[in-house]
Structures are given as C-alpha cells and as structure tokens.
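Reader: Hello! I am new to this structure and would love a close look at a single part of it. Please begin with the whole and then lead me in, step by step.

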Amino acid sequence: MIENDKSHDEAAEAELKGVPEEFLDDSSEEDEGEGDLNEALEGLRRDLEEAKQETLYAKAETQNVRRRMEKDVSDARAYASTGFARDVLSVWDNLSRAVEAIPESLRDDEKMKGLVTGIEATQRELEKVFKGHGIERVAAIGLPLDPNQHQAMIEMPSDEHEPGTVVQEMQSGWMIKDRLLRPAMVGVAKKPD
C-alpha cells in the first residue's frame, strides 16, 4: 500500500509539472486571495454608490439651474419695459397736469373744445397702453399709508381722517405687474396739535 501511495504521489507530481507555483501553494493563500477579491468588490460597490450620489446631485443641480433660467427669462419678458415705462411716466405726469390745468371756461369754449378733447383722448390712450403692458396706478387717497407703495412727503393735521391715512396725492404711483415702478408721493393725515 505504501508503494501505491508513492506511485500515486509521483503520478500527481507528473501531472502538475508545468503548473505555476502560485497555483500549487496551500489553501491559506487561496483564502487570502478571496479576501482581496472581497475587498476589491466592496471598494467597487462603494465607488458605484458614490457615483450614483454624484449623478443624482448633478441632475438636481441641472434642474435647479434650468428652473432659475426659466424664471429669469419669464421675468425678462414680463419686466422688459420697466425702464421705458419709468421714462414715459414723466410724460403722463405732464399730460395729467395739463388736463387738470384746463379751466372750465376753456372746456366750454368752441374754439378750444377740440384741443381739450384731444389732450384728454391722448391721456386715455396712454392709460390704455399702460394697462396693456401691465402698468397700473397705485391706489392712494383714503387708504392707510403703505410704505411698499406710498412715499409720505408731508403730514397734514386732520380731524376728518384717521392718522396715517393718505389724504393728498402729489404724484401718482405705478406698478408694473407685481413690482413697484414708482411709489405714490402722498400727504398723510395726523392728529391736530
């Protein structure tokens, strides 16, 4: 039987001739190689998870940038006429002063009636154009002072009005959509001394 084992060992050695040494080492190295493989696999899983997170963050950031750009474009369209509207408000002010300055005697005069009607029609047309572009007057008289829409220029003693109520408008205020274009310059009631 010993001879049989010896011949068996020699046969096994002959079969393994030409096989590299690292494959012939004992199983402890096999376990070590398996450990290295598990570590490498775990490292790849961590890298994959990090890459997934980075991708999600990048997608979220891209979506946020796209939303901001869409809002900027929308605002640019909505408020593009702001500078022009501010400049035209002085024309409105002068036209309003001209209409208010016309005495009743001239309104009834046949020679001036056409001129007065033309000035008033121009004022109405300008109001219509403003409205078409989302530009509207700020309500003021009889309302409480709103620092977001009114600029108090003077305080006026009054028994008739609550303190802080707008009683006079010196210059009209205007909004463009939901933004203040120009505050109304107003006189505000206060308690008499």
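Author: Happy to. Among contacts in the protein chain between residues at least 6 apart in sequence, 63% join residues at least 24 apart. Please keep in mind that the model is predicted. The chain has 193 residues, and buried residues make up 20% of them. Its secondary structure comes to five helices and six strands. Follow the sequence from its start and you meet the pattern α-α-α-α-α-β-β-β-β-β-β.

The part to look at closely is the largest pocket, which holds about 230 Å³ of space. How can empty space be found at all? Rolling a probe the size of a water molecule over the atoms shows where such space is left.

Let us go around the lining. Trp92, Asp93, Ser96, Arg97, Val99 and Glu100 are among the residues there, and so are Gln123 and Arg137. Glu169, Met170, Gln171 and Ser172 also line this pocket. By class, the lining has three nonpolar, four polar and five charged residues. Two elements, α3 (82-101) and β3 (166-171), each supply at least two of the lining residues. The largest share, six residues, comes from α3.

Asp93 is a good place to pause. This lining residue has its place in helix α3. Is Asp93 buried or exposed? Asp93 counts as buried because its relative accessible area is 9%, and buried means under 20%. Leaving aside neighbours within four places in sequence, Asp93 is in contact with Gln171, Ser172 and Arg182. Of these partners, Gln171 and Ser172 also line the pocket.

Now turn to Gln123, another residue of the lining. Gln123 is one of the buried residues of α5, along with Val116, Leu126 and Phe130. Helix α5 runs over residues 110-132, 23 residues in total. From its first C-alpha to its last, α5 reaches 33 Å, close to the 33 Å expected at 1.5 Å a residue. What do the buried residues of α5 pack against? They pack against α3, α4 (104-108), β1 (135-137) and β4 (174-176), and α3 is the helix that gives the largest share of the pocket lining.

The two ends of α5 deserve a glance as well. At the N-terminal end, Asp109 acts as a cap, with a side-chain oxygen 3.1 Å from the backbone nitrogen of Lys111. Just after α5, Gly134 takes a positive phi of about 75°.

From β4, one of the elements that the buried residues of α5 pack against, you can step into the loop between β4 and β5 (179-182), where Lys177 is found. The phi of Lys177 is near 55°, a positive value in a residue other than glycine. Lys177 counts as partly exposed because its relative accessibility is 44%, and partly exposed covers values between 20% and 50%.

Let us finish on strand β2 (residues 150-157), where Gln151 is found. Gln151 and Ala184 are 33 residues apart in sequence, but 5.8 Å apart in space, C-alpha to C-alpha. Beyond its neighbours within four places in sequence, Gln151 is in contact with Pro183, Ala184, Met185 and Val186. With a relative accessible area of 35%, Gln151 is partly exposed, whereas Asp93 in the pocket lining is buried.

Conventions. Residues are numbered from 1 along each chain as its sequence is written. This is a predicted model: local features need pLDDT of at least 70, side-chain atom pairs count only at pLDDT 80 or more; totals for chains, interfaces and linings use all residues. Side-chain values use heavy atoms; hydrogens and water are left out. On a 1 Å grid over the protein atoms alone, a cavity is a set of points where a 1.4 Å probe fits but cannot get out, and a pocket is an open set with protein on both sides within 12 Å along at least five of seven lines; lining residues have an atom within 4 Å of a point. Grid points are joined across faces, edges and corners, and a volume is the space filled by probe spheres set on the points. Helices (H or I, at least four residues) and strands (E, at least two) are DSSP runs, numbered from the N terminus. Ala, Val, Leu, Ile, Met, Phe, Trp, Tyr, Cys and Pro count as nonpolar, Asp, Glu, Lys and Arg as charged, and the others, Gly among them, as polar. The expected span of a helix is 1.5 Å times one less than its number of residues. Buried means under 20% relative accessible area, exposed over 50%, partly exposed in between (1.4 Å probe, protein chains only). Contact means heavy atoms within 4.5 Å. A polar contact is a pair of N or O atoms within 3.5 Å; within protein, one must be able to donate a hydrogen and the other to accept it, and residues adjacent in sequence count only if both atoms are side-chain atoms.
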